[in-house]
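Here is a walk through one protein model, from the whole chain down to single residues. Have the structure open and follow along.

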Amino acid sequence: MTSVAGVRWGLVFWEQDGQAYASVTGPETRTGTAPVPEGASFTGIEFAVGTSLRVVPTPALVDGGVDLPDTTRRTFRLDGARWETPGPDDAEALVERLVQAGIVVGDPLVAEVLRGHRPDVSGRTVERRFRAATGLTRGAIRQIERARTAAGLLAAGEPTGAVVAKLDYFDEPHLARALRSYVGRTVGQLREGAGGAIGLDLDQRLTS
């Protein structure tokens, strides 16, 4: 499967051949190829930008991840404690417990900036806090999110010129370069649904 650049970290749980696995995944700054084992079933949780694990700084996870040891079908180990392995219906409850235990933490300044507010600190302080909380610069977050949004619009039938204007790309070649770097698809491939499996939820229905 083509993996797509993304700005969030996450937890992934999967089973294959009766064996259970769990890992922490980090933000990805570029497109790549991710293995999808035959017969495996997955449950994934993505966390909001600006949150992080107390035990693993998000910058250490960028373009990588950490396998969690001693995982069973029922439980996994994280930050020195055992937790119940979630299914799709249990993910939110697990997140709530991790937050309450102080294992998942958030930087309120990052959340404030992402909501469009301007905190009363210097730009250098904001940038430093963004890097510490997310492993990325604010500019990198904007570029990756913009490319993902563009991919969705193009796959849904939005004209290329309209996407360029709506998302403030310089021109169509600028958009094409961003798609290659962050999504791994051309405009034509996105429109046709070509190129194989991709780690992005694309709505292939045409807009009215």
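## The chain as a whole

The protein chain has seven helices and 10 strands. Keep in mind that this is a predicted model. Its C-alpha atoms fill a box of roughly 50 × 50 × 30 Å along the principal axes. For 208 residues, a compact globule would have a radius of gyration near 17 Å, and the 19 Å of the protein chain agrees with that.

How much of the chain is buried? Of the 208 residues, 38% are buried. The protein chain exposes about 11600 Å², with carbon and sulfur atoms supplying 50% of that area. As for how the chain meets itself, take the contacts between residues at least 6 apart in sequence: 62% of them join residues at least 24 apart.

## Helix α3 and its two faces

Now zoom in on helix α3, residues 123–134. With 12 residues at 1.5 Å a residue, α3 should span 16 Å, and its end C-alpha atoms are indeed 16 Å apart. Right after α3 comes Gly-135, with a positive phi of about 80°.

Which residues of α3 are buried? They are Thr-125, Val-126, Phe-130, Ala-133 and Thr-134. Looking down the axis of α3, these buried residues fall within an arc of 135°, so they line one face of the helix. The general rule behind such patterns is that an α-helix has 3.6 residues a turn, so residues three or four places apart point the same way. Turned away from the buried side of α3 is a face that carries the exposed residues Arg-124, Arg-128 and Ala-132.

What do the buried residues of α3 pack against? Their partners are β6 (51–53), α2 (108–114) and α4 (138–155).

## Ser-52, a look from the β6 side

Strand β6 also holds Ser-52. Ser-52 counts as buried because its relative accessibility is 13%, below the 20% cut-off. Leaving aside residues up to four places away in sequence, Ser-52 touches Trp-9, Thr-58, Ile-103, Val-104, Val-105 and Ala-133. Ala-133 on that list is one of the buried residues of α3.

## Salt bridges

How many salt bridges does a search of the whole structure find? The search gives nine. Side chains of opposite charge can pair when their charged atoms come close.

Start with Arg-73 and Glu-15, whose side chains meet in a salt bridge at 3.3 Å, N to O. Arg-73 sits in the loop between β7 (65–67) and β8 (75–78) and Glu-15 in strand β2 (residues 10–16), so this pair ties together parts that are 58 residues apart in sequence. Arg-73 is exposed, at 56% relative accessible area, while Glu-15 is partly exposed, at 27%.

Asp-63 and Arg-30 make another such pair, at 3.0 Å, N to O. This one links distant parts of the chain: Asp-63 is in the loop between β6 and β7, and Arg-30 is in the loop between β3 (19–25) and β4 (32–33), 33 residues away. Both partners are partly exposed, Asp-63 with a relative accessible area of 34% and Arg-30 with 49%.

Then there is Glu-158, which forms a salt bridge with Lys-166, with the closest N and O atoms 3.3 Å apart. Is Glu-158 buried or exposed? Glu-158 counts as buried, at 14% relative accessibility. Finally, a network of salt bridges links Asp-70, Arg-77 and Arg-82.

## Backbone oddities in the loops

A couple of aspartates are worth a look for their backbone. Asp-17 has a phi near 55°, a positive value in a residue other than glycine. Asp-17 lies in the loop between β2 and β3, and is exposed, with a relative accessible area of 75%.

Asp-63, already met in the salt bridge with Arg-30, also has a positive phi near 55°, again in a residue other than glycine. Its place is the loop between β6 and β7, where Asp-63 is partly exposed.

Note on methods:
Residues numbered from 1 in each chain as written. Predicted model: local features only at pLDDT ≥ 70, side-chain atom pairs only at ≥ 80, totals over all residues. Heavy atoms only, no water. Helix = DSSP H or I, 4+ residues; strand = E, 2+ residues; numbered from the N terminus. Expected span 1.5 Å × (residues − 1). Buried < 20%, exposed > 50% of the residue type's maximum accessible area, 1.4 Å probe, protein only. Arc of directions from axis to C-beta. Contact = heavy atoms within 4.5 Å. Rg over C-alpha atoms; globule rule 2.2 N^0.38 Å. Areas by Shrake-Rupley, 256 points an atom, 1.4 Å probe, with all protein chains shown as cover. Salt bridge = Lys/Arg side-chain N within 4 Å of Asp/Glu carboxyl O.
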